Amino acid sequence: MDLVKSHKTFGGETSFWTHLSKSTKTVMRFATYVPSSRPIRQAIVWLSGLTCTDENFVVKSGVQRALAESDCMIIAPDTSPRGLNLPGEHESYDFGSGAGFYVDATVSDYASHYRMYSYIVTEITEILGQHFGVNELSLMGHSMGGHGALVIGLRNPALFKHITAFAPIVNPSRVPWGTKAFNGYLGPRSTIDLKTDNWATYDACELLKMGHRHPAKIVLYQGSRDEFLGNQLQPEEFCKVATEMGQTHELRWCEGYDHSYYFVQSFLPDALSRILQ
């Protein structure tokens, strides 16, 4: 790992790092905030949304103030590999660069590098354990990153203690953002049989139907004035399936809030309090 820059923040350090990834076969970036409290007992993996880099969350969210007196650090990885110039990679905001969707691609060109699921589950967790000495982990994410948090958490319930999602894409195989990404990364949907469906393993609603569960309550925050509600975001669908399948969950409606980081910043302290208690 190479430390690119570091800034003292509320007594701790906001830092930006690069490293050569085994999963993506590229140089990847991530940001961390480590409070001055010692020892650091736990970590939150924050997964960002479409168009974001490793910087958006730590610059816009105010997380440093919220964690400054805690025993918890946070790590925010970039949202895709960079610098590859694959076919179609930079043509739109919702596919390719900045839009890895936390899947392991199987379509040629992307299959060798767009492996963001493996990158988070194996490499980011390894970095936290080996370089920061932290193995008690939780997941948080926003929008595309909320999708990532739900999917990764449901598939790895023993690895992540809590799952929190802000305005998540809960049912990507049935909304425009998700179907575009899944077609590009995973190819056409192979079957409607969940046991062999190549899309279902990256869709939180479908994972619940397949029997995946998390032992802790999954908490969703959703702004009532989010411009993507209905068309891209369908939190009620997740709640419906979770109720049917017996997954403990809570949907917290945030009256008057939109999809932006103003929304995330407003409710992040509340979300963190559940993990820090």
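**Close-up 1. I75 in strand 5.** In this predicted model, I75 sits in strand 5, which runs over residues 72-77. How accessible is I75? Its relative accessibility is 0%, so I75 counts as buried. Setting aside residues up to four places away in sequence, I75 touches F30, A31, T32, I44, V45, W46, I124 and L128. Two of these partners, I124 and L128, turn up again among the buried residues of helix 3. For a sense of distance, D54 is 21 residues from I75 along the chain, and their C-alpha atoms are 9.0 Å apart.

**Close-up 2. Helix 3 and the glycine that follows.** Helix 3 covers residues 116-132. A straight helix of 17 residues would span 24 Å, yet the end C-alpha atoms of helix 3 are only 21 Å apart. Its buried residues start with a run of M116, Y117, S118, Y119, I120 and V121, and go on to E123, I124, T125, I127 and L128. Note that E123 is on that buried list. Just past the helix comes G133, with a positive phi of about 70 degrees.

**Close-up 3. S61 between two helices.** Look for S61 in the loop that links helix 1 (56-60) to helix 2 (63-67). Is S61 buried or exposed? With a relative accessible area of 2%, S61 is buried, because anything under 20% counts that way. Its side chain has a polar atom 2.7 Å from the backbone oxygen of F57. The side chain of S61 also reaches the backbone nitrogen of V63, here at 3.2 Å. Beyond its neighbours within four places in sequence, S61 is in contact with N56, Y261, Q265 and L268.

**Close-up 4. The largest pocket.** How much space does the largest pocket hold? The answer is about 190 Å³. It is lined by 13 residues, and the ones closest to its centre are G49, L50, T51, C52 and H259. Sorted by class, the lining has 6 nonpolar, 6 polar and 1 charged residues.

**Close-up 5. H147 in helix 4.** Here the view moves to H147, which lies in helix 4. Its relative accessible area is 1%, so H147 is buried. Which residues does H147 contact, leaving aside neighbours within four places in sequence? They are F101, P168, I169, P172, F182 and Y202.

**Close-up 6. Helix 7 and its packing partners.** Helix 7 takes in residues 235-245, and P235, F238, C239, V241 and A242 are buried there. What do those buried residues pack against? Two helices, helix 4 (144-155) and helix 6 (204-209), and two strands, strand 8 (218-223) and strand 9 (249-254). As for what comes next, G246 sits just after helix 7 and takes a positive phi of about 85 degrees.

**Close-up 7. L229 on the way to helix 7.** L229 belongs to the loop between strand 8 and helix 7. At 26% relative accessibility, L229 counts as partly exposed, because the value falls between the 20% and 50% cut-offs. Apart from neighbours within four places in sequence, L229 is in contact with Q222, G223, S224, P235 and W253. One of them, P235, is also among the buried residues of helix 7. H90 is a long way off by comparison of numbering: L229 and H90 are 139 residues apart in sequence, and 26 Å apart in space from C-alpha to C-alpha.

Conventions
Residues are numbered from 1 along each chain as its sequence is written. This is a predicted model: local features need pLDDT of at least 70, side-chain atom pairs count only at pLDDT 80 or more; totals for chains, interfaces and linings use all residues. Side-chain values use heavy atoms; hydrogens and water are left out. Helices (H or I, at least four residues) and strands (E, at least two) are DSSP runs, numbered from the N terminus. Buried means under 20% relative accessible area, exposed over 50%, partly exposed in between (1.4 Å probe, protein chains only). A polar contact is a pair of N or O atoms within 3.5 Å; within protein, one must be able to donate a hydrogen and the other to accept it, and residues adjacent in sequence count only if both atoms are side-chain atoms. Contact means heavy atoms within 4.5 Å. On a 1 Å grid over the protein atoms alone, a cavity is a set of points where a 1.4 Å probe fits but cannot get out, and a pocket is an open set with protein on both sides within 12 Å along at least five of seven lines; lining residues have an atom within 4 Å of a point. Grid points are joined across faces, edges and corners, and a volume is the space filled by probe spheres set on the points. Ala, Val, Leu, Ile, Met, Phe, Trp, Tyr, Cys and Pro count as nonpolar, Asp, Glu, Lys and Arg as charged, and the others, Gly among them, as polar. The expected span of a helix is 1.5 Å times one less than its number of residues.
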